[in-house]
Amino acid sequence: MTNRISPYEPLTLERLGVLLAGADEVRRWRLVAEFLEEYRWEPVDSRRDLLTTEPAPTGDERWDVFLAALAEHLSAKDGRGAPRWVESRSLRRLWFPFNTRAARVDAMVHAPAAFRRRGVYVAAQELNVA
């Protein structure tokens, strides 16, 4: 029996979607933080590959839209256009993932455009410490 060690592969947005399905909110934010950390360490030229494939539905429309906003936001930060699949995702009702009075005000003022236009109000600094 040969023990083969798989080479490291960063978390993709597609895989993140799978992991978010059925997870509780605390776990979801930990997974988002893990994805963002891995994304930051990847060379800019290979980051697009982490966002290209559309994630399957998570079972929660808010999180499906969050993933689209995240893909667009990260693409823009890297000076690229968003993957095509993000265009079809937006919410009809606003969602404030961090729903305290202060967090809502902060998110209304500081939510990145990719999130605001989809109805997801999360302040940019929350994405740094998610």
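The following paragraphs go through a helix, some aromatic pairs and a pocket in a predicted model.

Residues are numbered from 1 along each chain as its sequence is written. Because the model is predicted, local features need pLDDT of at least 70 and side-chain atom pairs pLDDT 80 or more, while totals for chains, interfaces and linings use all residues; side-chain values use heavy atoms, without hydrogens and water.

Helix H1 spans residues 13-20, and its buried residues are Leu 13, Leu 16, Gly 17 and Leu 20. Buried means under 20% relative accessible area, with over 50% called exposed and the range in between partly exposed (1.4 Å probe, protein chains only). Helices are DSSP runs of H or I with at least four residues, numbered from the N terminus. The buried residues of H1 lie on the same side of the helix because they cover an arc of only 105 degrees around the axis, taken from the directions from the helix axis to the C-beta atoms. They pack against helix H2 (25-41) and helix H4 (61-77), where contact means heavy atoms within 4.5 Å. Gly 22, just after H1, has a positive phi of about 80 degrees.

The aromatic residues come next. Rings of Phe, Tyr and Trp (its six-membered ring) pair if their centres lie within 6.5 Å; planes under 30 degrees apart are stacked, over 60 edge-to-face, and the rest tilted. This rule gives 8 aromatic pairs. In one of them, Phe 35 and Tyr 39, the centres are 5.9 Å apart and the planes are at 35 degrees, so the pair is tilted. These two residues are 4 apart in H2, which means a separation of about one helical turn, and both are buried.

Phe 66 and Phe 115 form another tilted pair, with 5.4 Å centre to centre and 55 degrees between the planes. This pair links distant parts of the chain, as Phe 66 is in H4 and Phe 115 is in helix H6 (residues 113-116), 49 residues apart. Phe 66 and Phe 115 are buried, and they belong to one aromatic cluster with Trp 29, Trp 63, Trp 95 and Phe 98.

The largest pocket has a volume of about 160 Å³. Its lining includes Leu 36, Tyr 39, Arg 40, His 73, Asp 78 and Asn 128. H2, H4 and helix H7 (124-129) each supply at least two lining residues, and H4 gives the most, with 4 residues. A pocket is an open set of points on a 1 Å grid over the protein atoms alone, where a 1.4 Å probe fits, with protein on both sides within 12 Å along at least five of seven lines; lining residues have an atom within 4 Å of a point. Points are joined across faces, edges and corners, and the volume is the space filled by probe spheres set on them.
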